[in-house]
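Visitor: Please take me through one part of this protein in detail. I would like to see how a pair of its helices packs, and then where that pair sits in the wider picture.

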Amino acid sequence: MTTPASRPVPPVAASPLNLRGAVDLSALKQRPAPSSPGPARPGAAAPGPAGSADSAGAPAAPASGPADHAGRPLRVDVTEGNFQELVDLSAQVPVVIALWASYSPGSGQLVDVLEGIVESYDGRLVLGAADIDVFPELAQAFQVQAVPTAVAVVKGQPVPLFQGGADEQQVRSLFDELLKVAAANGVTGRIGAGGPVGAEPEAPPLPPLHQAAFDAIEAGDYAAAAAAYRQALNEMPADAEAKAGLAQVELMDRLQALSGPEADALRRLAADEPDNLEAQLGVADLDIAGGHIEDGLGRIVTFIGRNFGPERETARVRLLELFDVVGTSDERVAKARQGLARVLF
């Protein structure tokens, strides 16, 4: 970064803050290795892109500075290693990121000022201090033209704050508005409520059969997990979580046979033979597992519209199972239901 510290700085923006998606943070995230889709808890929502902080989500490299009542930092030095954790944390509390550089003494001073202001918000904000000489990719992602620059992240989306210096009154005004934007988007958490940074409320214990299914999933024994869910449904047919969990583990079990070469061959077969039931269902599984929900559901709806007899009924039953995998309240499921009604009636 070669931006001179003396570069003229525009005044603090007075326009309302908004979440915006123009800055793509995805390239900076540490991506986990691909794994089979499945519920974080039995009966959870469908596979697909998602990021949520867990109880181990505390930023890994805290700087010295103010801490919450649990003794954990409200200021964190941003690194490539902990950036994703801060993005995850922004689903619970706004994360203010101050970008500074050693060649700009004023930027370091501003970080200290922001640290004190953030502390006064009693855990409703977290400050991340990012040295752009150490983490230049972050400056590029936020399109930084001068230091210091302050941005916020709310639910994984960047919110521009200001570039250059700002007095305490201006900063507090912006932070107050930031908290309103966060609240409007469902981000109303507070650090320091007695749990770790980024911790979610402890989940209630699972029913015994659900726990048995979850333990089997953890062990990779999908047949045992399916058996536990079926037993739960035998005892309580209206158990929606067991129904969804069964659909998910059956999907995971089917996916075990579809590695790279087999998946490619199956896709070619499905393209060549649009009325091949097994090929169409297999590719639909791959699409759902890969997050291409509309493609997977639409593929089966199209097959049902072209075919009759037992194969149509088999496809219909599989489609209903996939509805449970995705989540019956998902708008993509609602759209597929409408398509199914059109081809059936």
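Guide: Helix 6 and helix 7 are roughly antiparallel to each other, because their axes cross at roughly 160° and angles over 145 degrees count as roughly antiparallel. This is a predicted model. Helix 6 covers residues 222-235, and helix 7 covers residues 240-255. Their axes come within 9 Å. The crossing is left-handed.

Now the residues that touch. Helix 6 brings Y222, A225, A226, Y229, R230, A232 and L233. Helix 7 answers with E241, A242, K243, G245, L246, V249, E250, M252 and D253. Sorted by type, this contact holds ten nonpolar residues, one polar and five charged.

A second pair can be set beside this one. Helix 9 spans residues 277-289, and helix 10 spans residues 293-306. Their axes lie 7 Å apart, at an angle of about 160°. Helix 9 and helix 10 are therefore roughly antiparallel to each other. Their crossing is left-handed. From helix 9, the contact uses L277, Q280, L281, V283, A284, D287 and I288. From helix 10 come I293, D295, G296, L297, R299, I300 and F303. Here the split is nine nonpolar, two polar and three charged.

Next, the nonpolar cores. The largest has 48 residues. Inside it, I97, L99, L138, F162 and F175 have the most contacts. Several elements give two or more residues to this core. The helices are helix 1 (83-89), helix 2 (105-120), helix 3 (136-141) and helix 4 (168-184). The strands are strand 2 (95-100), strand 3 (126-131), strand 4 (149-154) and strand 5 (157-163). Helix 4 gives the most, with six residues. Another core lies apart from this one and has 28 residues. Among them are A279, L281, I300 and A336. Two of these names return from the second helix pair: L281 of helix 9 and I300 of helix 10 are in that contact.

Last, the whole protein. It has twelve helices and five strands. Of its 345 residues, 44% are buried. Take the contacts between residues at least 6 apart in sequence: 71% of them join residues at least 24 apart.

Definitions and conventions
Residues are numbered from 1 along each chain as its sequence is written. This is a predicted model: local features need pLDDT of at least 70, side-chain atom pairs count only at pLDDT 80 or more; totals for chains, interfaces and linings use all residues. Side-chain values use heavy atoms; hydrogens and water are left out. A nonpolar core is a set of buried Ala, Val, Leu, Ile, Met, Phe, Trp, Tyr and Cys residues joined through side-chain atoms within 4.5 Å. Buried means under 20% relative accessible area, exposed over 50%, partly exposed in between (1.4 Å probe, protein chains only). Helices (H or I, at least four residues) and strands (E, at least two) are DSSP runs, numbered from the N terminus. Axes are lines fitted to C-alpha atoms, for helices over the stretch in contact, and angles run from 0 to 180 degrees between N-to-C directions. Angles under 35 degrees count as roughly parallel, over 145 as roughly antiparallel, 65 to 115 as roughly perpendicular and the rest as oblique. A crossing is left-handed if the near helix is turned anticlockwise from the far one by less than a right angle, and right-handed if clockwise. Contact means heavy atoms within 4.5 Å. Ala, Val, Leu, Ile, Met, Phe, Trp, Tyr, Cys and Pro count as nonpolar, Asp, Glu, Lys and Arg as charged, and the others, Gly among them, as polar.
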